[in-house]
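Thanks for making the time this morning. I would like to walk through a few side-chain pairings and one helix packing, and I will keep to what can be read from the coordinates.

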Amino acid sequence: MAKKVMYYTNHTVAQIAYLAGIIDGEGCLYIGRVKQGKYGSGWQWHVMLKITSCDESLILWLEQTFGGSKDSRYRWTSKKKFTRPVYNWQATGEMLDYVLSVVEPYLIIKKPQCDVIKRYRKTSKNIGSRRLPDHINEQRFELLKELKNLNGRWREHHLKNPSALSPVS
């Protein structure tokens, strides 16, 4: 049986607004899937909010204030001179539903991603552990593509395409 993650629901407006700012700046709203079964006959889907920081105090505050789960690992710096600790906090399941419902009014950058995740979570209600119907898998795949497009907008950013820059007058 999976461990149920504890989360808290009594927060001030300041705490919720601060969390929204952290999500906008450091958060990742993610939908993923992997083949399941011996012959890869179905999909195992997962969705989460993940916040990563090199400062453990932020991750501890998130865990103490909102609950959720945290972990840490070491990551090489960009020039591979040394490793540094990296800390993660994540929300899934019911906690993800709660967090997104309270921070949504305060989100600026990640509001469209929040909407996609909330629509995805509606496909999870009353399913249990049985195999997903094809129309739900198709709907989830469309939401996955929509989220990847939103998260990948840097690829279309004007600074990545110098010919798209307008001349300075």
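K145 forms a salt bridge with E142, and the closest N and O atoms of that pair lie 3.2 Å apart. Please keep in mind as I go on that this is a predicted model. Because K145 and E142 are three residues apart in helix α5, which covers residues 134-151, about one helical turn separates them. As for their surroundings, K145 counts as partly exposed at 40% relative accessibility, and E142 is likewise partly exposed, with a relative accessible area of 45%.

This pair is one of five salt bridges that the structure holds. Let me turn next to helix α4, where the side chains of D115 and R119 meet in a salt bridge, with an N to O distance of 3.2 Å. Since D115 and R119 are four residues apart in that helix, they too are separated by about one helical turn. D115 is partly exposed, at 35% relative accessibility, and R119 is partly exposed as well, with a relative accessible area of 30%. The pair does not stand by itself, for D115, R119 and E146 are linked in a network of salt bridges.

Now to a salt bridge of another kind, in which the side chains of R121 and D97 meet at 2.8 Å, again N to O. Which parts of the chain does this pair link? The parts are distant ones: R121 sits in helix α4, residues 111-122, while D97 sits in helix α3, residues 93-103, and the two residues are 24 apart. Is R121 buried or exposed? With a relative accessible area of 13%, R121 is buried, because it falls under the 20% cut-off. D97, on the other hand, counts as partly exposed, since its relative accessibility is 24%.

Helix α3 brings me to the last topic, which is its packing against helix α1, residues 13-26: the axes of α1 and α3 come within 9 Å and cross at roughly 100°. That crossing angle therefore makes α1 roughly perpendicular to α3. Which residues meet there? From α1 come I16, L19, A20 and I23, and they meet V99, V102 and V103 in α3. Sorted by class, this contact of α1 with α3 has seven nonpolar residues, with no polar and no charged ones.

So helix α3 takes part in both stories, carrying D97 of the salt bridge with R121 and the three valines, V99, V102 and V103, that meet α1. I am happy to go back to any of these pairs on the screen.

How values were computed
Residues are numbered from 1 along each chain as its sequence is written. This is a predicted model: local features need pLDDT of at least 70, side-chain atom pairs count only at pLDDT 80 or more; totals for chains, interfaces and linings use all residues. Side-chain values use heavy atoms; hydrogens and water are left out. A salt bridge is a side-chain nitrogen of Lys or Arg within 4 Å of a carboxyl oxygen of Asp or Glu. Buried means under 20% relative accessible area, exposed over 50%, partly exposed in between (1.4 Å probe, protein chains only). Axes are lines fitted to C-alpha atoms, for helices over the stretch in contact, and angles run from 0 to 180 degrees between N-to-C directions. Angles under 35 degrees count as roughly parallel, over 145 as roughly antiparallel, 65 to 115 as roughly perpendicular and the rest as oblique. Contact means heavy atoms within 4.5 Å. Ala, Val, Leu, Ile, Met, Phe, Trp, Tyr, Cys and Pro count as nonpolar, Asp, Glu, Lys and Arg as charged, and the others, Gly among them, as polar.
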